[in-house]
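Trainee: Could you take me through one part of this model in detail? I would like to look closely at the disulfide and then see how the rest of the chain is laid out around that topic.

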Amino acid sequence: MISWIVISILIIAAIFAITVIAISATPTAMAKSDVNGQPDLVATLTAEGSNDAQGKALFWFNDDASELRYKIVLNKVDVGSVGDDGTGNDKNSGKGLAYYVTKLHIHAAPGGVHSGEHLLNVVGPADDADLNITGHTFSGIWDDTDMTHDHHGHNSKTLTSQITALCNGDTDVNVHLSDSGEFIRGIIETNSDACSEL
């Protein structure tokens, strides 16, 4: 009788030991490319002008920082498939809110001050080729293939040429709204150790 009790205890102890080893072997840190994990960079978008729109921009570097995935979520602003719908009307217009998106860019912001220099054209004058719009969310990838030319000084730049600026807080997200002079905007700030590891 005692021998069965001892054997049962040993079996339970062995199962417990295997479980502990399996749990400890599970990785606890998410890869930088995991867009469901902690973002490497963030920007809180607030109103510039009289609008009450707002938003949040989240960014993740892949493991070698050759790509930067972005997700830009807007609130209190109409978002649709961007561009002329063939009738001369912007597809974002008429969804029921006071403002709609006309353009969306990442800009240079040296010293944390917004400038007119485009770094990535997410929407307009030439949309990001990876751009996906779902509901009120813009998502895509910025990499070195996004560089554009001939947009009268509003060209997309390579990601690798802008990593230092991104990590130093010298860039912002700028969303142009339907009325002239109405924007939502926010400085891109670090949110993980990714920049120090590049």
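Mentor: Here is a close look at the disulfide, followed by the chain and its first hairpins.

Happy to help! This is a predicted model, in which local features need pLDDT of at least 70, side-chain atom pairs count only at pLDDT 80 or more, and totals for chains, interfaces and linings use all residues. Residues are numbered from 1 along each chain as its sequence is written, and side-chain values use heavy atoms, with hydrogens and water left out.

A search of the whole structure turns up 1 disulfide (a pair of cysteine sulfur atoms within 2.5 Å). The partners are Cys167 and Cys195, with their sulfur atoms 2.0 Å apart. The link of Cys167 and Cys195 is left-handed, at -80 degrees about the S-S bond. Cys167 sits in helix H2 (residues 163–167) and Cys195 in helix H3 (residues 194–197), so the pair ties together parts that are 28 residues apart in sequence. Helices (H or I, at least four residues) and strands (E, at least two) are DSSP runs, numbered from the N terminus. Cys167 is buried, at a relative accessible area of 18%, and Cys195 is buried too, at 18%; buried means under 20% relative accessible area, exposed over 50%, partly exposed in between (1.4 Å probe, protein chains only).

Now for the chain that holds this link. Its secondary structure comes to 3 helices and 10 strands, and of its 198 residues, 39% count as buried.

Two hairpins are worth your time as well. Strand E1 (residues 41–48) runs antiparallel to strand E2 (residues 54–61), joined by 5 bridges; two strands pair if DSSP finds at least two bridges between them. Ala43 has Ala57 as its bridge partner in E2, and Ala57 also stands opposite Ile72 in E3. E2 pairs with strand E3 (residues 67–75) in the antiparallel sense, over 8 bridges. Each hairpin has 5 residues between its strands: in that of E1 and E2, Gly49 takes a positive phi near 120 degrees, while in that of E2 and E3, Ala65 takes a positive phi near 60 degrees.

Finally, a word on confidence. The mean pLDDT of the chain is 82, and 73% of its residues reach 70 or more; pLDDT is the predictor's confidence in each residue, from 0 to 100. Over residues 18–31 the pLDDT is below 50, and this stretch has 3 contacts beyond near neighbours in sequence (contact means heavy atoms within 4.5 Å). Where pLDDT is low, the predicted coordinates should not be read in detail.
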